Structure formats: C-alpha cells, structure tokens
Amino acid sequence: MSNKGEVNLTGVKQSKGVWLVKVPKYLSHQWGKAPEKGDVGKITIRKKQGKSEVSFKLSAELSGLDALGEKDASLHVPRDHPFTMHAVGGQNLAIFSQSDKDEISLEGMVVHRAECRPVVNDNYMKLKKLQLKESTKPQRLSQRLERAVTTIFKPVANHNFNLEYEKKKKCDGKMVRAERQVVLDMLFSAFEKHQYYNIKDLVEITKQPVTYLKEIVREIGTYNSKGAHKSTWELKSEYRHYQSADEEETQTS
C-alpha cells in the first residue's frame with residue numbers, strides 16, 4: 001500500500017472525543033483571517049435548569065468586514081453565536097484531517113453535534129443585505145474592444161494522448177490468441193502473487209483478447225460483484241494451490 005492510502009489511527013488509541021459543529025459561511029471566512037497561533041474566539045458552557053447552554057463569541061479583531069470591501073466601519077460580523085445541540089443518535093461519525101503532505105490522520109470520534117447560529121439583530125440583517133448584494137453581482141461583464149482581435153487559434157490536428165495511444169498500440173501489436181494451457185499458466189502465475197485482479201490487469205499481463213480471456217477466467221475464477229474487492233476476479237478454491245506442468249515435471253525429475 002502506498003503512503004497516500006495510509007491513515008494515522010493514533011486518535012483511536014487516545015479515545016479522543018470531538019464536536020462536529022456547523023458554522024455560518026461568513027464565520028469560517030473570518031477564521032481564515034486569524035494568525036496561525038491566534039485566538040478566533042471563546043466558547044462558554046454553562047448549566048441552566050439542568051441543561052447545558054453553549055455559546056461562541058467571535059474575537060473582536062476578526063469582526064471587521066475588510067474582506068468584503070465594506071467601507072462602513074460601524075458594520076461588523078456578529079460576535080455572539082449560541083449553539084443548538086443535536087443528538088448523535090446511532091451514527092458512528094469520525095473526524096479526519098489531511099496535512100500539506102497528504103497525510104491523513106484520525107482526530108477522534110464525534111461525541112456531540114451542534115449548529116452555531118448568530119443572534120439576529122440589526123447588524124446581522126445589514127450583513128445579510130450586503131451578502132445578498134454581493135451574490136447578485138454578475139460574474140462576467142461585457143467589454144468593448146478598441147480594435148478587432150487578429151489572433152487566430154488553430155485547432156490541434158491530433159492531441160498528444162492520441163499519439164501516445166497509437167504508438168503504444170503499434171508497439172503492442174494485435175493481440176493473438178495463445179494456447180489455452182499457456183494462458184492458464186500465466187493466469188495461475190499471476191494469482192500466486194496477488195489474490196484479486198481486475199480484468200484489465202489480466203489483459204495487460206496475458207496480452208490476450210478480452211473475450212477469449214474471459215472465457216478462461218470464468219472457468220477457474222469467481223467474480224466479486226460487491227464487497228471490498230468489487231469488480232475483481234479471484235481463483236476458485238479448487239485452483240488455489242495450482243502448479244504449472246513445467247514445475248510438476250521439474251519436481252518429479
């Protein structure tokens with residue numbers, strides 16, 4: 001297995017519990033403006049009538065709207081955001097993270113789900129109005145040219161990937177059916193190295209026409225239509241410990 005497919009499961013051993021919280025888009029945008037080791041806000045958890053009340057207060061330094069080009073200094077992103085808690089239910093949810101080196105790590109299992117919502121006030125309504133105004137701006141604008149465009153882009157007669165395919169096709173040549181026993185020896189030799197194969201991989205290994213190859217594979221193999229090895233072939237149980245005719249003669253002699 002390549003390093004790209006490996007997952008760091010240290011979080012399982014540490015039994016880390018994490019919260020899965022849905023936040024408004026503008027709030028995550030403001031968090032992105034924070035310095036690397038800076039605070040984005042403060043979470044408060046208090047008990048009221050036997051129930052937990054959770055709220056988030058955005059840092060004052062991140063409440064500005066410079067990113068949206070707003071010049072009105074009186075308009076700020078809402079700072080107070082109470083949490084609406086939801087039950088996890090019977091689901092098993094996990095949180096994964098990916099580093100700059102494409103390393104995947106398990107951060108922990110979800111123990112609480114919540115939704116972070118702003119306090120609706122005049123400042124919040126002004127923000128929604130500004131967002132609506134930004135969303136209605138056209139993505140593309142027409143522009144009048146002072147002079148005619150004289151550059152002519154000619155279409156490519158044949159793309160590079162087509163040329164590479166034709167070159168590979170000439171090098172490989174037309175697939176010719178080999179004797180049945182020769183194909184069987186190649187197949188059994190391949191299945192000694194790996195248990196599961198896709199039909200395309202077997203065609204590449206044996207250099208046989210796919211229709212002819214499937215006739216042979218159906219007799220000695222089983223097709224997996226579901227499960228972890230979906231769309232692959234494996235040997236039937238009676239062919240698992242096969243030895244080619246040449247190997248048997250060598251051992252006999």
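The protein has 8 helices and 9 strands, and the model you are looking at is predicted. Buried residues account for 21% of its 253 residues. Of the contacts with a separation of 6 or more, 61% are between residues 24 or more positions apart. With that overview in hand, let us walk through some of the details.

## Strand pairs and hairpins

A good place to begin is strand S3, which covers residues 41-48; it pairs with strand S4, residues 51-58, in the antiparallel sense over 8 bridges. If you would like a residue pair to locate this ladder, take Ile45, whose bridge partner in S4 is Val54. S3 and S4 make a hairpin, with 2 residues between the strands.

S4 also pairs with strand S5, residues 80-86, again in the antiparallel sense, here over 3 bridges. Here Ser55 can serve as a guide, since its bridge partner in S5 is Pro82.

Further along, strand S6 (residues 94-98) and strand S7 (residues 104-116) run antiparallel and are joined by 5 bridges. Ala94 has Met109 as its bridge partner in S7. These two strands form a hairpin as well, with 5 residues between them.

Here are the three pairings side by side:

| Strands | Sense | Bridges | Example of bridge partners |
|---|---|---|---|
| S3 and S4 | antiparallel | 8 bridges | Ile45 and Val54 |
| S4 and S5 | antiparallel | 3 bridges | Ser55 and Pro82 |
| S6 and S7 | antiparallel | 5 bridges | Ala94 and Met109 |

## Residues with a positive phi

Now for the backbone torsions. Most residues other than glycine have a negative phi, so the exceptions deserve a look. Gln49 is not a glycine, yet has a positive phi of about 55°. Where does Gln49 lie? Gln49 sits in the loop between S3 and S4, that is, in the turn of their hairpin. Is Gln49 buried or exposed? Gln49 has a relative accessible area of 78%, and therefore counts as exposed.

Ser231 is also not a glycine, and its phi is positive at about 65°. Ser231 is found in the loop between strand S8 (221-224) and strand S9 (232-235). Its relative accessibility of 32% makes Ser231 partly exposed. In the hairpin of S6 and S7, Asp102 takes a positive phi near 65°.

## Two helices in contact

Let us turn to the helices. Helix H6 spans residues 199-206 and helix H7 spans residues 210-220; their axes come within 10 Å and cross at roughly 105°. H6 and H7 are therefore roughly perpendicular to each other. Which residues make the contact? H6 contributes Ile199, Leu202, Val203 and Thr206, while H7 contributes Val210, Leu213, Lys214 and Val217. Sorted by character, the residues of this contact are 6 nonpolar, 1 polar and 1 charged.

## An aromatic pair

Finally, the aromatic rings. A pair of such rings is described by the distance of the centres and the angle of the planes. The count for this model comes to 4 aromatic pairs. One of them joins Phe191 and Tyr197, whose centres are 5.2 Å apart with 90° between the planes. That angle is over 60 degrees, so the pair counts as edge-to-face. How exposed or buried are the two partners? Phe191 is buried, with a relative accessible area of 11%. Tyr197, at 8% relative accessible area, is buried too.

Methods: Residues are numbered from 1 along each chain as its sequence is written. This is a predicted model: local features need pLDDT of at least 70, side-chain atom pairs count only at pLDDT 80 or more; totals for chains, interfaces and linings use all residues. Side-chain values use heavy atoms; hydrogens and water are left out. Axes are lines fitted to C-alpha atoms, for helices over the stretch in contact, and angles run from 0 to 180 degrees between N-to-C directions. Helices (H or I, at least four residues) and strands (E, at least two) are DSSP runs, numbered from the N terminus. Angles under 35 degrees count as roughly parallel, over 145 as roughly antiparallel, 65 to 115 as roughly perpendicular and the rest as oblique. Contact means heavy atoms within 4.5 Å. Ala, Val, Leu, Ile, Met, Phe, Trp, Tyr, Cys and Pro count as nonpolar, Asp, Glu, Lys and Arg as charged, and the others, Gly among them, as polar. Rings of Phe, Tyr and Trp (its six-membered ring) pair if their centres lie within 6.5 Å; planes under 30 degrees apart count as stacked, over 60 as edge-to-face and the rest as tilted. Buried means under 20% relative accessible area, exposed over 50%, partly exposed in between (1.4 Å probe, protein chains only). Two strands pair if DSSP finds at least two bridges between them.
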